[in-house]
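Colleague: I should like to go through this model and ask what stands behind the terms applied to it. Please give the criterion wherever the reasoning depends on one.

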Amino acid sequence: MTLSNYCGKAVLLVMGTVAACAQTVLLTVQEPTKLVVKRTENPAQVLKVTMKPGYHTNSNKPSEDYLIPFRLTWETGGALEVVEVVYPAAKLEKYDFSEKPLSVLGGEFEIVTKFKRAANPALGPGFLSGKLRYQACNDKMCFPPKTVEIKLPVLMQ
């Protein structure tokens, strides 16, 4: 085999590996149900998240400054204002690549967002956009951070 053939096959192998990794879904967010907001209430919305078995993400309060936190943010200035995002309790787990245990989330968990109804919101249907940023890891390495777009259907009454 010539060097150019070998290099060409090596490039294809690397490209195939990168494509396979890029297509792997390590975290899924269940599509949120419509949030119906009555005139006198301040609602809450639950997002259900699942990490693929064998993987974890840093918690919203990572153990080390250099780790990327798990973070849910919502666009502001609409019919609803974010009062608080409640993250699940993290687990402390020890991995070979870290000297001390890390604060992580894994498996199935929920994130609750508590909202406050704006003073004079537009009534009717709409959407609230959010972003969930995380970094998935396994027991050997971490992958590049990702952001999942969240589209929450809202009905203001």
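Modeller: A residue counts as buried under 20% relative accessible area and as exposed over 50%, with partly exposed in between. Please bear in mind that this is a predicted model.

Colleague: Why is Cys142 called partly exposed?

Modeller: Its relative accessible area is 31%, and partly exposed lies between the limits of 20% and 50%; therefore Cys142 is termed partly exposed. Cys137 has a relative accessible area of 1%, which is under 20%, so Cys137 is buried.

Colleague: How do you know that Cys137 and Cys142 form a disulfide?

Modeller: Their sulfur atoms are 2.1 Å apart. The criterion is a pair of cysteine sulfur atoms within 2.5 Å, so the pair qualifies. By this rule the count comes to one disulfide. The link of Cys137 and Cys142 is right-handed, with 100° about the S-S bond.

Colleague: What makes E7 and E11 edge strands?

Modeller: The open sheet has four strands in the order E7-E8-E4-E11, with antiparallel pairing. Strand E7 (91-93) and strand E11 (136-137) each have a single partner strand, so one side of each is left without a neighbour in the sheet.

Colleague: How do you know that E4 and E8 pair?

Modeller: Pairing requires at least two bridges, and two bridges join strand E4 (residues 56-58) to strand E8 (residues 102-105), so the two strands qualify. Asn58 has Val104 in E8 as its bridge partner.

Colleague: Which residues touch the most other members of the largest nonpolar core?

Modeller: They are Phe70, Leu72, Trp74, Ile111 and Val154, in a core of 26 residues. Strand E12 supplies the largest share, four residues.

Technical notes. Residues are numbered from 1 along each chain as its sequence is written. This is a predicted model: local features need pLDDT of at least 70, side-chain atom pairs count only at pLDDT 80 or more; totals for chains, interfaces and linings use all residues. Side-chain values use heavy atoms; hydrogens and water are left out. Buried means under 20% relative accessible area, exposed over 50%, partly exposed in between (1.4 Å probe, protein chains only). A nonpolar core is a set of buried Ala, Val, Leu, Ile, Met, Phe, Trp, Tyr and Cys residues joined through side-chain atoms within 4.5 Å.
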